[in-house]
Amino acid sequence: MSPRTDRIPLPQIHRETLPNGLRVAVAHRPGVPLTAARLVLRGGAALDPPGRSGLAHLVALASRRGTRRRTGPEIDLAVESLGAELGAGVDEDATYYGVSAPSEVLPRCLELLADVVTAPTFPAAEVRRLRRREIASLAHDLDEPAVVADRAMLLAAYDGHPYGHPPEGRVRELGAIGRADVAAFHARRFRPSAALLVLVGNADADAALALVRRRFGGWRAPDGVLAPLATPSRPRTSVLVVDKPDVTQAQVRIASAGFPRRSPDYFPGMVASALLGGGFTSRLVEAIRVNRGLSYGVRSRFATSAVGGIFFVSSFTKVETTAELVQVTLDETARFCDEGPRAEELERTRSYLCGLFPLSLETHDQVAEKLADLALYDLPDEEVTAFRERVRGVSAEDARDAGRRYFPLDGRVIVAVGPAKAIARPLERFGPVTVVPARKLA
């Protein structure tokens, strides 16, 4: 199959930047009579001030609990009456809002979206209620060893960098956030020059752009430039044991420095990770699950962000086999970096990735999310349309070299959640061990 015939089509896209700086993309996708809108603001949880982790997350949640024109219950009723969905959230790099609704109610949906994003009033009672709810949720997370392991991995791998705290925040810091913090963050960070809006559906592009100009053209906010984040430092080899004496299985994470989303290593890294631990036929599944029965599940992946990223392996095992699982993982990783993939193994993995990717573009919401990510990270459309070409262009040497650069051969952190009395000493062979109680991660 030639590269051109292997391309993944995107709908026709109309792009425009409004005079206030808001970037807009409208993709006409006929068929299903729905339209998905996704509004993204640059700067997410990484902009949380010191001692106020979870602030960006709380701003996103509270913004739809009351505006200058509507109360929170009135917003809920309007969304429901339109047969729509309106969600909000954050990740490390962005705050995002998503709306999905029948195309005929798009004008009212954009009116609601503009109201929530540009004119929230942050009622004090609603901020307090949401803060209590989020604190309770975070405290509940301590009962989930997998969640605790993921949080501990971020903390250990990013070690002091703004990416090192979960977007939802921590209990002690979230509890210190007041309405004034929420309103000030919105006033400082929410501005059209830092935003982008994507519409995908069967709506006419010219009509949709006219609606956007009418609803968002009057958005004004103090202009400014986001200070660039520093590149995360490479982690130092260490072991973090999170003490949970009551569990019979240990959660394990092994992380090393990765790369930012715009890196030329993105496609070689994706293929290398899939070969190592990205599917049912991967190296780690074969070694850990099939050959030794150490775990029912193991996976690896690159997590990429604006200025950095991490590579990590996640798994779980019986407490008494924690160190064995880590050793097998490191041995298989080293073997991959030494030998590289076999020809049939590489072809199978590339075909798997090429077949899987189109499934992420089936719905209007998925296409809107993909286009928003391209804009957020300043990537060309070819990241989607030429996906198969780029994956199939990764050679065995490319994959092996990506593994050598980023897999946890050295400069790695190992996180294990389980009873410290049983797992801390056997893990000492992998690096200096620090033990913390699980409650310290709340």
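Where is the place of Leu 441? In this predicted model, Leu 441 sits in the segment after strand E12 (433-437). With a relative accessibility of 9%, Leu 441 counts as buried. Leaving aside residues up to four places away in sequence, its contacts are with Val 148, Ala 152, Leu 155 and Val 242. There is also a long-range pairing to look at here: Leu 441 and His 165 are 276 residues apart along the chain, yet their C-alpha atoms are separated by 9.8 Å.

Ile 75 makes a handy counterpoint. This residue is found in helix H2 (residues 72-81), and at 0% relative accessibility it counts as buried. Once residues up to four places away in sequence are set aside, Ile 75 touches Arg 64, Gly 66, Thr 67, Arg 70, Leu 86 and Val 116. Its separation from Pro 426 is 351 residues in sequence and 55 Å in space, taken from C-alpha to C-alpha.

Next come the helix pairs, starting with H1 (residues 55-62) and H4 (residues 124-141). Their axes come within 10 Å and cross at roughly 125°, which makes H1 oblique to H4. The crossing of H1 past H4 is right-handed. On the H1 side, the contact is made by His 57, Leu 58, Leu 61 and Ala 62, and on the H4 side by Val 127, Leu 130, Arg 131, Arg 133 and Glu 134. Sorted by class, this contact has 5 nonpolar, 1 polar and 3 charged residues.

Helix H9 (residues 266-277) turns up in two packing arrangements. With helix H11 (residues 322-339), H9 packs at an angle of about 130°, the axes being 11 Å apart. H9 and H11 are therefore oblique to each other, and H9 passes H11 in a right-handed crossing. Ala 272, Leu 275 and Leu 276 of H9 meet Glu 332, Thr 333 and Phe 336 of H11. In terms of class, the contact of H9 with H11 has 4 nonpolar, 1 polar and 1 charged residues.

The other arrangement pairs H9 with helix H12 (residues 343-356). Here the axes come within 10 Å and cross at roughly 110°, which makes H9 roughly perpendicular to H12. H9 passes H12 in a right-handed crossing. H9 brings Met 270, Val 271, Ala 274 and Leu 275 to this contact, while H12 brings Glu 345, Leu 346, Thr 349, Arg 350 and Leu 353. The class tally for H9 with H12 is 6 nonpolar, 1 polar and 2 charged residues. Leu 275 of H9 thus appears in the contact with H11 and again in the contact with H12.

Aromatic residues are another thread, with a count of 13 aromatic pairs. In one of them, the rings of Tyr 158 and Tyr 163 have their centres 5.5 Å apart and their planes at 75°, so the pair is edge-to-face. Tyr 158 and Tyr 163 are both buried. Phe 302 and Phe 311 form a tilted pair, at 4.9 Å centre to centre and 55° between the planes. Both of these phenylalanines are buried too. Phe 302 and Phe 311 also belong to an aromatic cluster with Phe 259, Phe 336, Tyr 406 and Phe 407. Phe 336 has a part in the helix packing as well, being one of the H11 residues in contact with H9.

Finally, a couple of backbone oddities. What is phi of Phe 122 near? The value is near 50°, which is positive in a residue other than glycine. Phe 122 lies in the loop between helix H3 (106-118) and H4, and is buried, with a relative accessible area of 2%. Asp 159 is another non-glycine residue with a positive phi, in this case near 35°. The place of Asp 159 is in the loop between helix H5 (145-158) and helix H6 (171-174). Is Asp 159 buried or exposed? At 56% relative accessibility, Asp 159 counts as exposed, whereas Phe 122 is buried.

Conventions
Residues are numbered from 1 along each chain as its sequence is written. This is a predicted model: local features need pLDDT of at least 70, side-chain atom pairs count only at pLDDT 80 or more; totals for chains, interfaces and linings use all residues. Side-chain values use heavy atoms; hydrogens and water are left out. Axes are lines fitted to C-alpha atoms, for helices over the stretch in contact, and angles run from 0 to 180 degrees between N-to-C directions. Helices (H or I, at least four residues) and strands (E, at least two) are DSSP runs, numbered from the N terminus. Angles under 35 degrees count as roughly parallel, over 145 as roughly antiparallel, 65 to 115 as roughly perpendicular and the rest as oblique. A crossing is left-handed if the near helix is turned anticlockwise from the far one by less than a right angle, and right-handed if clockwise. Contact means heavy atoms within 4.5 Å. Ala, Val, Leu, Ile, Met, Phe, Trp, Tyr, Cys and Pro count as nonpolar, Asp, Glu, Lys and Arg as charged, and the others, Gly among them, as polar. Rings of Phe, Tyr and Trp (its six-membered ring) pair if their centres lie within 6.5 Å; planes under 30 degrees apart count as stacked, over 60 as edge-to-face and the rest as tilted. Buried means under 20% relative accessible area, exposed over 50%, partly exposed in between (1.4 Å probe, protein chains only).
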